[in-house]
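Good morning, and thank you for making time for this item. I should like to introduce a structure that will be new to most of you, so please have the display in view as I speak.

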Amino acid sequence: MTQPRKPRFPRLLVTGGAGFIGSCFVRDVLARRDGTRITVLDKLTYAGNRANLAPVESDPEQAARLRFVVGDIADPAAVGPLVAEADAVVNFAAESHVDRSILEPVDFLRTDVLGVHVLLEACREEQQRARAGERSAAPRLLQVSTDEVYGSVETGESREDDRLEPRSPYSAAKAAGELLVRSYFVTYAMDVVVTRGSNTYGPYHHPEKLIPLFVTNAIDDQQLPLYGDGLQRRDWLYVADHAGAIGHVLEHGRAGEIYNVRGGNERSNREVVTALLDRLGKPWSLVRTVADRPGHDRRYAMDGTKLAALGWKNKTAFEAGLAATVDWYSENEAWWRPIKSGEWETYYRRQYGARLAGSRDAG
Ligand code: NAD
Ligand code: TDX
């Protein structure tokens, strides 16, 4: 048997590691069995779920290399000691849902902007310790950002040096977070890298987002609230590819650089909904046209040349990834049913109550 390669960063701090993409990153890194130890720092908001790490916790060898800390990235007392023990920090922690940012923006500013600042300050403290010879190197910080910072792109593909034109409180907060990261590279020469990922899908995705919401509603023969004309376009990226690309940039990315992580699977929302209903064997008549998201970005699309030149290639085609995702939700009701209760019902009424009451046939 070949031995796994020695990791460049043997001790990782993964913030937001109980969420959708962060937990995939943790599961996949630990499953490599290369000795990497991970500390997860997660606030366990409505979107965080320890059950996302169950496959790790049921494997004694992997579980021994995972430490789980409940805490807030915006809390310097929680963050400082954990960054002091880390070779690298990967920041997935964020408020991540555009619709919630429209209902209530303040948490987005606290986590996606101030939280990033707290992480940067903790890394700067470690940079000073490294310069004083108290540790061998400063930790590298990877900030997980999003294609939404470019704003709506009617034609063509966004490149890393394009203007940022975020249009929702969520994307504006994410843009502010990554601009702070860039400022710490320019001002303090810190070892930082940024990834901008596109619309991600796969198992363990919170049911507030389009694909898991529509799959789980359709399983229950409930209505599917399609915003506006449903012709908005997104570029879909399978979660294991997104997590893998982040690991690749962490290891090989150049300090101070930004890397787009594209999916290469541009589809209209109507095409996505048609495909998931086909897989489930459910009828289009479940789909309802509802009032649009305010400021709804029409299209995202990114150029992926820079990350490809770094040696990264996605593995999962959209059709295969979507089939695996739909099947996972069909087989894992015990994971998503508890999430669609309690706070969820209040949110659902607020987001969709009036929309569904005023809905019409989606044609
Ligand atoms: P998610 O909402 O599923 O998970 C976010 C996690 O962060 C949760 O576990 C939550 O408990 C935790 N968290 C929130 N606030 C925190 C705080 N203050 N301190 C510590 N933990 C906190 O999000 P996701 O979809 O996995 O996204 C992860 C990252 O990737 C985010 O930064 C998001 O902006 C970015 N991103 C997501 C997508 C996508 O399509 N999902 C695409 C591109 C980029
Ligand atoms: O009920 C819905 N009806 C609907 O038509 C929902 C929840 C969404 N939509 C539409 C809006 C978008 O055009 O589907 C598309 C996808 O919506 P979301 O799943 O909410 O994703 P999006 O707004 O595109 O943002 C996602 O990708 C980029 C993630 O949530 C972000 O965290 C990431 O940065």
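Let me begin with an internal space. Val98, Glu148, Arg167, Ser168, Arg234, Arg293, Pro294, Gly295, His296, Asp297 and Tyr300 line the second largest cavity. Its volume is about 60 Å³. When the whole structure is searched, two cavities of 30 Å³ or more are found. I should say at once that this is a predicted model, and that the values I quote are computed from it.

One of the lining residues of that cavity is Arg234, and Arg234 is also among the residues touched by Arg299. Let us therefore turn to Arg299, which belongs to the loop between strand S13, residues 287-290, and helix H11, residues 305-309. Is Arg299 buried or exposed? Its relative accessible area is 11%, and because the limit for buried is under 20%, Arg299 counts as buried. Setting aside residues up to four places away in sequence, Arg299 touches Gly151, Ser152, Val153, Glu154, Thr155, Gly156, Arg233, Arg234 and Glu266. With Gly156 there is a further detail: the side chain of Arg299 reaches the backbone oxygen of Gly156 at 2.9 Å.

Helix H11, which follows that loop, offers a contrast in Ala309. Ala309 has a relative accessible area of 71% and is exposed, since exposed means over 50%. Between the C-alpha atoms of Ala309 and Ala172 the separation is 29 Å, and the two residues are 137 apart along the chain.

I now come to the sheet. How many strands form it, and in what order? There are seven, arranged as S3-S2-S1-S4-S5-S6-S11 in an open sheet with parallel pairing. At the edges are strand S3, residues 66-70, and strand S11, residues 258-261, each of which pairs on one side only. On average, and ignoring direction, neighbouring strands of this sheet are turned by 20° against each other.

Within the sheet, consider the pair S4 and S5. Strand S4, residues 88-91, and strand S5, residues 140-146, run parallel and are joined by four bridges. Val90 has Leu142 of S5 as its bridge partner.

Two helices should be viewed together with the sheet. Helix H1, residues 20-31, packs on the sheet and touches strand S1 (11-15), strand S2 (37-42), S3 and S4. The direction of H1 makes about 160° with that of S1. Helix H4, residues 76-84, lies across S1, S2, S3 and S4, and runs at about 170° to S2.

Ser23 is a residue of helix H1. What is the relative accessibility of Ser23? The value is 0%, and Ser23 therefore counts as buried. Apart from neighbours within four places in sequence, Ser23 is in contact with Gly17, Ala18, Asn52 and Leu53.

Helix H1 also leads us to the last feature, the largest pocket. This pocket holds about 510 Å³ of space. It is lined by 24 residues, of which Arg5, Arg32, Gly247, His248 and Glu251 are the closest to its centre. H1 and helix H9, residues 239-252, each supply at least two residues of the lining. Which helix gives the most to that lining? The answer is H9, with nine residues.

That concludes my presentation, and I thank you for your attention.

Notes:
Residues are numbered from 1 along each chain as its sequence is written. Chains are lettered from A and ligands numbered from 1 in the order in which they are written. This is a predicted model: local features need pLDDT of at least 70, side-chain atom pairs count only at pLDDT 80 or more; totals for chains, interfaces and linings use all residues. Side-chain values use heavy atoms; hydrogens and water are left out. Two strands pair if DSSP finds at least two bridges between them. Axes are lines fitted to C-alpha atoms, for helices over the stretch in contact, and angles run from 0 to 180 degrees between N-to-C directions. Contact means heavy atoms within 4.5 Å. Buried means under 20% relative accessible area, exposed over 50%, partly exposed in between (1.4 Å probe, protein chains only). A polar contact is a pair of N or O atoms within 3.5 Å; within protein, one must be able to donate a hydrogen and the other to accept it, and residues adjacent in sequence count only if both atoms are side-chain atoms. On a 1 Å grid over the protein atoms alone, a cavity is a set of points where a 1.4 Å probe fits but cannot get out, and a pocket is an open set with protein on both sides within 12 Å along at least five of seven lines; lining residues have an atom within 4 Å of a point. Grid points are joined across faces, edges and corners, and a volume is the space filled by probe spheres set on the points.
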